[in-house]
Amino acid sequence: ASQTSKFTSSSDIPVEFIRRNVKLRGRLRRITENGLEIEHIPIALPIITSWKKEPCGVLLVKLAGVELTETGKVWLQKELKPSQLVWFQLLAKENSALICYLLVNKGRYFSVSLNEEILRRGLGKTVLVKGLDYDSKIYWTIHRNLLKAELTALKKGEGIWKEEYEKESYLEKLKGSWREIWKKDNYFKKIGSDFNLKNESYYDKLRRTYETWKDHINNYSLILKFRELMNRIHFRRKG
């Protein structure tokens with residue numbers, strides 16, 4: 001299998017493609033309760049495709065790290081046009097579904113991540129991307145970006161974050177989950193076993209990520225500065 005092969009089911013996709021987090025191109029067929037049905041469009045040479053009859057079939061794609069609300073599903077239906085061209089980055093596989101980062105072109109050089117856009121609008125909540133190796137760079141990049149998007153909605157009171165109690169329960173939950181990690185961290189230090197050595201980098205990463213997240217919660221101006229920077233890059237690209 002290569003980028004010129006057409007995948008008509010998730011079982012066609014080589015494990016290596018998922019391990020390398022390959023980006024594939026496709027056309028949206030429909031949005032269902034289970035996810036997005038996307039027809040894969042291989043990156044093939046025109047001379048080959050002109051005589052080769054393409055097989056039929058769609059791939060079931062789920063948005064990685066996002067728990068969609070009903071309003072989010074409605075927004076997605078409106079936002080995505082029928083037969084829209086999308087890019088989907090393979091992160092993991094769950095039964096017959098592919099867990100992906102979905103990218104949609106907005107303008108000539110600018111693409112938007114639907115995963116992040118949903119969270120920025122408060123149309124969903126972040127969930128852990130299962131099946132992705134926590135020791136990989138992409139794991140930390142994706143979770144950081146998703147959380148940054150969610151915190152933007154939280155601070156602005158967008159969508160599900162309009163209610164004050166929702167914000168408070170979110171922050172409490174965040175504190176609670178990190179309290180658990182700290183306990184485990186201290187526990188591993190007390191044991192001083194080989195297992196500690198293997199997991200130390202993991203907990204160091206968690207601590208660093210936590211500090212970043214805490215900064216975003218306590219200092220909203222950081223998010224504003226980040227968004228301003230992104231806008232400048234965006235307009236420079238456009239111009």
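Two strands are taken to pair if DSSP finds at least two bridges between them. With that in hand, strand β6 makes a friendly entry point to this predicted model. In β6, Tyr 101 is the bridge partner of Gln 89, and this match belongs to an antiparallel pairing of β5 and β6 that extends over 7 bridges. The hairpin formed by β5 and β6 has 2 residues between the strands, and Asn 95 in this hairpin adopts a positive phi near 55 degrees.

Strand β6 has further partners. With β3 it pairs in the parallel sense, over 4 bridges, and here Leu 60 has Ala 97 of β6 as its bridge partner. With strand β7 (residues 111-113), β6 runs antiparallel, joined by 3 bridges; Leu 103 stands opposite Ser 113 of β7. Strand β6 itself spans residues 97-105 and is mostly covered, 8 of its 9 residues being buried.

For the chain as a whole, the assignment gives 8 helices and 8 strands. The protein chain has 239 residues, and 40% of them count as buried. Among contacts with a separation of 6 or more, 63% come from residues 24 or more positions apart. The accessible surface of the chain amounts to about 14300 Å², with 53% belonging to carbon and sulfur atoms.

Turning to the interior, the largest nonpolar core contains 41 residues. Ile 13, Leu 36, Leu 76, Phe 88, Leu 90 and Leu 102 are the residues with the most contacts inside this core. What does Leu 36 touch, leaving aside residues up to four places away in sequence? Its contacts are Leu 28, Arg 30, Ile 31, Leu 59, Leu 60, Val 61, Leu 63, Leu 76, Leu 80 and Leu 102. There is also a second, separate core of 6 residues, including Leu 147, Leu 151, Ala 153 and Tyr 170.

Helix α5 covers residues 137-156. From the first C-alpha to the last, this 20-residue helix reaches 29 Å, close to the 28 Å expected at 1.5 Å a residue. Because 14 of its 20 residues are buried, α5 is largely enclosed by the rest of the structure. Just after α5, Gly 157 takes a positive phi of about 70 degrees.

Charged side chains come next, with 11 salt bridges in the structure. One of these joins Lys 73 and Glu 33, whose closest N and O atoms are 3.4 Å apart. Lys 73 sits in helix α3 (residues 70-79) and Glu 33 in the loop between β1 (23-31) and β2 (36-40), so this pair ties together parts that are 40 residues apart in sequence. The two ends fall into separate exposure classes: Lys 73 counts as partly exposed because its relative accessibility is 23%, while Glu 33, at 64%, counts as exposed, the cut-off for that class being over 50%.

Another salt bridge is formed by Lys 62 and Glu 94, with 3.9 Å between the closest N and O atoms. This pair also links distant parts of the chain, as Lys 62 belongs to strand β3 (residues 59-63) and Glu 94 to strand β5 (residues 85-94), 32 residues apart. Both ends are partly exposed, with relative accessibility of 29% for Lys 62 and 36% for Glu 94.

Helix α4 (residues 114-120) offers a local counterpart. There, the side chains of Arg 120 and Glu 117 meet in a salt bridge, at 3.1 Å from N to O. Why are these two residues separated by about one helical turn? They are 3 residues apart in α4, so the spacing comes to about that much. An α-helix has 3.6 residues a turn, so residues three or four places apart point the same way. Arg 120 is partly exposed at 29% relative accessibility, whereas Glu 117 is buried, with a relative accessible area of 16%, which falls under the 20% cut-off for burial. The pair is also part of a network of salt bridges that links Glu 116, Glu 117, Arg 120 and Arg 121.

Terms used:
Residues are numbered from 1 along each chain as its sequence is written. This is a predicted model: local features need pLDDT of at least 70, side-chain atom pairs count only at pLDDT 80 or more; totals for chains, interfaces and linings use all residues. Side-chain values use heavy atoms; hydrogens and water are left out. The expected span of a helix is 1.5 Å times one less than its number of residues. Buried means under 20% relative accessible area, exposed over 50%, partly exposed in between (1.4 Å probe, protein chains only). A nonpolar core is a set of buried Ala, Val, Leu, Ile, Met, Phe, Trp, Tyr and Cys residues joined through side-chain atoms within 4.5 Å. Contact means heavy atoms within 4.5 Å. A salt bridge is a side-chain nitrogen of Lys or Arg within 4 Å of a carboxyl oxygen of Asp or Glu. Accessible areas come from the Shrake-Rupley method with a 1.4 Å probe; for residues, only the protein chains shown count as cover.
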